[in-house]
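Here is a short walk through one protein model, written for someone who would rather look at side chains than read statistics. Have the viewer open as you read.

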Amino acid sequence: MHAAPILAHIKSKSQHSQIYFQKLSGKIGIDFTDAAAVRSLTTVLLKKDFNLEVELPPDRLIPTLPLRLNYLLWIDDLVTISHPVSSGSDIHGIDIGAGACCIYSLLGAKKNNWHFTSTEADEVNFTSSTL
């Protein structure tokens, strides 16, 4: 999907309207150096593309979706090569240090029908990920 429809979708959501700005050319942009903007963008993309409602705490790392998806695609390729007859529901993974939103587990389960066990030692991340 091109950026323009995504940004138009974000613009239409009032709670996320603070993340975009209008350039002099009239095009809509996002300031990727603004953590709040990136957090809002990630939240909107998770809802729009995966129907996942995730709360990303302001003092925690923000998962970059393209990198997380690329990693899962790489793992999927490895699984396909090593076990070509496996179905998605046969895959069980472990995510050590899952972070505040268990992004790999959520995306792997939603996109590939994989099962995960996630661990987290940080109490704030653990609490956030279980809400």
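Phe116 is partly exposed, with 26% relative accessible area; here buried means under 20%, exposed over 50% and partly exposed in between, using a 1.4 Å probe and protein chains only. Its ring partner, Trp114, is buried at 6%. The two ring centres sit 6.4 Å apart with the planes at 45°, so Trp114 and Phe116 make a tilted pair. For the terms: rings of Phe, Tyr and Trp (its six-membered ring) pair if their centres lie within 6.5 Å, and planes under 30 degrees apart are stacked, over 60 edge-to-face and the rest tilted.

A word on what you're looking at: this is a predicted model, where local features need pLDDT of at least 70 and side-chain atom pairs count only at pLDDT 80 or more, while totals for chains, interfaces and linings use all residues. Residues are numbered from 1 along each chain as its sequence is written, and side-chain values use heavy atoms, with hydrogens and water left out.

Searching the whole structure turns up three aromatic pairs. Another of them joins Tyr71 and Trp74, with centres 5.8 Å apart and planes at 40°, so this pair is tilted. Tyr71 and Trp74 both belong to helix α3 and are three residues apart, about one turn of the helix. An α-helix has 3.6 residues a turn, so residues three or four places apart point the same way. Tyr71 counts as partly exposed because its relative accessibility is 39%. Ring pairs also bring in Tyr104, making a cluster of Tyr71, Trp74 and Tyr104.

Now zoom out a bit. The protein chain has five helices and four strands, where helices (H or I, at least four residues) and strands (E, at least two) are DSSP runs numbered from the N terminus. Read from the N terminus, the order is α-β-β-α-α-β-α-β-α. Of its 131 residues, 34% count as buried. Among the contacts with a separation of 6 or more, 46% are between residues 24 or more positions apart; contact means heavy atoms within 4.5 Å.

How do α3 and α4 sit against each other, and at what angle? Helix α3 (residues 65–82) and helix α4 (residues 103–112) pack at about 60°, with axes 10 Å apart. Axes are lines fitted to C-alpha atoms, for helices over the stretch in contact, and angles run from 0 to 180 degrees between N-to-C directions. The two helices are therefore oblique, given that angles under 35 degrees count as roughly parallel, over 145 as roughly antiparallel, 65 to 115 as roughly perpendicular and the rest as oblique. Their crossing is right-handed, which is the label when the near helix is turned clockwise from the far one by less than a right angle, anticlockwise being left-handed.

On the α3 side, the residues that meet α4 are Leu65, Arg68, Leu69, Tyr71, Leu72, Leu73 and Asp76, and their partners in α4 are Ile103, Tyr104, Leu107, Gly108, Lys111 and Asn112. The residues of this contact split into eight nonpolar, two polar and three charged. Ala, Val, Leu, Ile, Met, Phe, Trp, Tyr, Cys and Pro count as nonpolar, Asp, Glu, Lys and Arg as charged, and the others, Gly among them, as polar.

Staying with α4, its buried residues are Ile103, Ser105, Leu107, Gly108 and Asn112. They pack against α2 (35–50), α3, β3 (92–96) and β4 (115–119).

Both loops flanking α4 hold a residue worth a click. Most residues other than glycine have a negative phi, and most peptide bonds are trans. Here are the two residues side by side.

| Residue | Phi | Loop | Relative accessibility |
|---|---|---|---|
| Cys102 | positive, about 50° | between β3 and α4 | 13%, buried |
| Asn113 | positive, about 60° | between α4 and β4 | 45%, partly exposed |

Neither Cys102 nor Asn113 is a glycine.

Two more stops. Ser128, in helix α5 (residues 123–129), is buried at 15% relative accessibility. Leaving out residues up to four places away in sequence, Ser128 touches Glu55, Pro57 and Ala100.

Finally, find Ile30 in strand β2 (residues 28–30). Ile30 is buried, with a relative accessible area of 12%. Ile30 and Leu41 are eleven residues apart in sequence, and their C-alpha atoms are 8.6 Å apart in space.
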